[in-house]
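Hi,

Here's the structure I said I'd pass along. Have a look first, and my notes follow below.

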Amino acid sequence: MNKNFSFIILTFNEEIHLPRLLNSIKNLNAKTFILDSGSTDSTLKIAEAYGAEVKQNPFENHPKQWDFALRNFEIETPWTIGLDADHTVTPELFEMLANFKEEDNKDINGIYFNRKNFFQGSWIRFGTFYPFYLLKMFRTGVGFSDLNENMDHRFIAPGKTKIWKKGWILEENLKENDIAFWKAKHELYSDLVAQEEVERILKLRHQSLKPNLLGSPDEKRAWLKRLWWELPLGFRPYLYFGYRMFFKLGIFEGITGIKFHYLQGFWFRRLVDRKIKAIQKKNR
C-alpha cells in the first residue's frame, strides 16, 4: 500500500465516470476513500469492487461535503489527494505521483495540479480555462475545505505550495453532453452562487484567502472574484463574455468551445445576476 498519499473522491451516480478515474490511479496502490451522497446507480458496487472505503453523507454543497470527508475519513498517510469523480489522472501526473518523495517536499504543504477541462469532447483551451491550477494534494490535517464558499469548492493549505505544470488532471463530465442536464445542474448552482453573493454584500461571508493578483493561483482567483463582485449586476456578464471571447481568445475555440463559453460565461452569469436581484427585491 502506498505510504505517501491517499485519495478521497466525491460521488453521486457516477457509474459513467468512476471506473475511468479508478483505472487511472489503481497502479499507484493508494488507499481510496469515497464519500457518496445517495447514488442510486452502480456507483457503490464499483467502489466496493475496487476496495474503496465508502461513507454516505447528504449533499448540501461541495465545500461542506469535502469538509465532512476530511473530518470523517481516517487518513493515515501524510498526504491527501482530493478528486472529483469526473477527473482522470493522466500518465504524466501518474508518473509524478509514482515518483513522489517526502524528502523532496519537506517544506511544502500543498501541490497544485494543472487541469484540462473538456466539454462535449472538446478541450476548452482558451477563455481563461488553460492553464488552470487546482490545489488537489495537501498535507493531511493541514489542508482544509474553504467553507466561506457556497458553490465553488477550494482546498486551502496554509504555508508553502508548489505547482506541477505538467501534472495534468483531465476533467470531463460526460453527463454534460446532454445540454438539458447541464442547464438543470447550473440552475441549481445559480441558486448557491446568488445566495453567496447576497451574503457577501451583507458582510455575512468573507474571503478566507488574502486576494493577491501576484500570489498563488487561488490568491489570484480571490483577487479576480473580489473585482467581479464590485462590477454592476446585469452588465458584468456581457463584460466577462467579451473578455473571454476576445481578450482570452475564446473565439478561436471552435463551435463547441464557443457554445461552452456562452453557456458558462454568459447564460449562467446572467442567471445568477437575475437571482441576486430577485433576492434583494424580496429582502426589501
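Leaving aside residues up to four places away in sequence, which residues does Glu-197 touch? The list is Trp-228, Trp-229, Arg-236, Val-272 and Ile-276. Before you read too much into that, keep in mind that this is a predicted model.

Some background on Glu-197: you'll find it in helix α5, which covers residues 179-201. Its relative accessibility is 8%, and since anything under 20% is called buried, Glu-197 counts as buried.

Glu-197 also turns up in the lining of the second largest pocket. That pocket has a volume of about 280 Å³. Two of the residues Glu-197 touches, Trp-229 and Arg-236, are in the lining as well. Other lining residues include Arg-200, Ile-201, Lys-203, His-206 and Leu-233. If you want to find the pocket by its helices, try α5 and α6 (217-230), as each of them gives at least two residues to the lining. Sorted by class, the lining has seven charged residues, three nonpolar and two polar.

One more spot to click on is Gly-254, in the loop that runs between α7 (236-247) and α8 (255-283). Is Gly-254 buried, exposed or partly exposed? With a relative accessibility of 31%, Gly-254 counts as partly exposed. Check Ile-124 while you're there: 130 residues separate it from Gly-254 along the chain, and the two C-alpha atoms are 9.4 Å apart.

Cheers

Terms used
Residues numbered from 1 in each chain as written. Predicted model: local features only at pLDDT ≥ 70, side-chain atom pairs only at ≥ 80, totals over all residues. Heavy atoms only, no water. Helix = DSSP H or I, 4+ residues; strand = E, 2+ residues; numbered from the N terminus. Buried < 20%, exposed > 50% of the residue type's maximum accessible area, 1.4 Å probe, protein only. Contact = heavy atoms within 4.5 Å. 1 Å grid on protein atoms, 1.4 Å probe; cavity = no way out; pocket = protein on both sides within 12 Å on 5 of 7 lines; lining within 4 Å. Points joined across faces, edges and corners; volume = space filled by probe spheres on them. Nonpolar A, V, L, I, M, F, W, Y, C, P; charged D, E, K, R; others polar.
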